Amino acid sequence: MSVKSFSKSIILAKWFEIFIGAVITVNCILIGVETYLSDPRIYITQQIALLIFIVEISLRFLARDSVKSFFSYGWNIFDLSLIIVSVAPESLFAHPAAIMSLRILRVFRILRLVRTSNEIKLIITVLIRSLSALVYNALFFAIFLYLFAIIGLTLFKLPVINAQTPPDIAEKINYLSVYAPNSPSHSPDPYGN
């Protein structure tokens, strides 16, 4: 059995897919836990997970049909990028915070679990197809919000008190400011801006 066929048999096996999914899940949970708790066991577990991911990407590279086919598959590029960011030494970067913020992107590896479940694939496909309808709904909502803001401003604005304001209207506005202290006393715009 050749290395290519052996690698292909491993990466196509259902148990391997389930195992990698479990490692991804544990790794993502530990990334979240690590933001609150610093423990050497978490670090060691994440390093073991990184080693498993390196072995996995190596097996996928060995099982490839060609280098072009390996890099034409988006998940391979995604995983390889995350691994490179994870193993890059902090000394390469001027600010260690930059590499740490890039390493947080490892949490996106959980998206790989999408490939393993047909139900999740269906949900994501429906969400992507309905995205254009959501954009039009948001536009429609923004138009109505704008229209009702104009109507509200027109209905509830107070007259401007100046030298030409008749005394009876000025008295009513002062009366309103006494009995409704939260209302603007001398503002034509009740919203302020």
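What share of the 193 residues in the protein chain is buried? Buried residues make up 21% of them. The model is predicted, and the legends below go through it part by part.

**Figure 1. The whole protein chain has eight helices and zero strands.** From the N terminus on, the elements run α-α-α-α-α-α-α-α. The chain exposes about 13800 Å², and carbon and sulfur atoms supply 72% of this area. Among contacts between residues at least 6 apart in sequence, 58% join residues that are at least 24 apart.

**Figure 2. Confidence in the predicted protein chain has a mean pLDDT of 77.** A pLDDT of 70 or more is reached by 69% of the residues. Helix α3 has the highest confidence, at a mean of 89. Confidence is lowest in helix α8 (residues 167-179), where the mean is 61.

**Figure 3. The largest nonpolar core contains 13 residues.** Phe16, Ile24 and Phe53 touch the most other members of the core. Two helices, α2 (14-34) and α3 (40-62), each supply at least two of the core residues. Helix α2 gives the most, with five residues. As a general point, nonpolar side chains tend to be buried together in soluble globular proteins.

**Figure 4. Phenylalanine 53, a member of the core, is shown with its contacts.** Residues up to four places away in sequence are not counted here. Beyond them, Phe53 touches Val23, Ile24, Asn27, Ile83 and Arg109. One of these, Ile24, is also among the core residues that touch the most other members.

**Figure 5. Lys4, Lys8 and Asp65 are joined into one network by salt bridges that share partners.** The side chains of aspartate 65 and lysine 4 meet at 3.9 Å, N to O. Aspartate 65 lies in the loop between α3 and α4 (67-72) and lysine 4 in helix α1 (residues 3-11), so this pair ties together parts that are 61 residues apart in sequence. Lysine 8 also meets aspartate 65 in a salt bridge, at 3.3 Å, N to O. Lysine 8 is in helix α1, and this pair is 57 residues apart. Aspartate 65 counts as exposed because its relative accessibility is 60%, over the 50% cut-off. Lysine 4, at 36%, and lysine 8, at 30%, count as partly exposed.

**Figure 6. Aspartate 79 forms a salt bridge with arginine 60.** The closest N and O atoms are 2.4 Å apart. Aspartate 79 lies in helix α5 and arginine 60 in helix α3, so the pair ties together parts that are 19 residues apart in sequence. Aspartate 79 is buried, with a relative accessible area of 0%. Arginine 60 counts as buried too, at 10%. The structure holds five salt bridges, counting every pair.

**Figure 7. Asparagine 76 is found in helix α5 (residues 74-87).** Is this residue buried or exposed? Asparagine 76 counts as buried because its relative accessibility is 7%, under the 20% cut-off. Leaving aside neighbours within four places in sequence, asparagine 76 is in contact with Ile57, Arg60 and Phe70. Arg60 is the salt-bridge partner of aspartate 79.

**Figure 8. A nonpolar patch on the surface has about 1300 Å² of accessible area.** Its residues include Tyr136, Phe140, Phe144, Tyr146, Phe148 and Phe156. Tyrosine 146 is placed in helix α7 (residues 118-156). Tyrosine 146 is exposed, with a relative accessible area of 56%.

Key
Residues numbered from 1 in each chain as written. Predicted model: local features only at pLDDT ≥ 70, side-chain atom pairs only at ≥ 80, totals over all residues. Heavy atoms only, no water. Core = buried A, V, L, I, M, F, W, Y, C linked by side-chain atoms within 4.5 Å. Buried < 20%, exposed > 50% of the residue type's maximum accessible area, 1.4 Å probe, protein only. Helix = DSSP H or I, 4+ residues; strand = E, 2+ residues; numbered from the N terminus. Contact = heavy atoms within 4.5 Å. Patch = residues over 30% accessible without salt bridge, like charges linked within 9 Å, V, L, I, M, F, W, Y side chains within 5 Å. Areas by Shrake-Rupley, 256 points an atom, 1.4 Å probe, with all protein chains shown as cover. Salt bridge = Lys/Arg side-chain N within 4 Å of Asp/Glu carboxyl O. pLDDT = per-residue confidence, 0-100.
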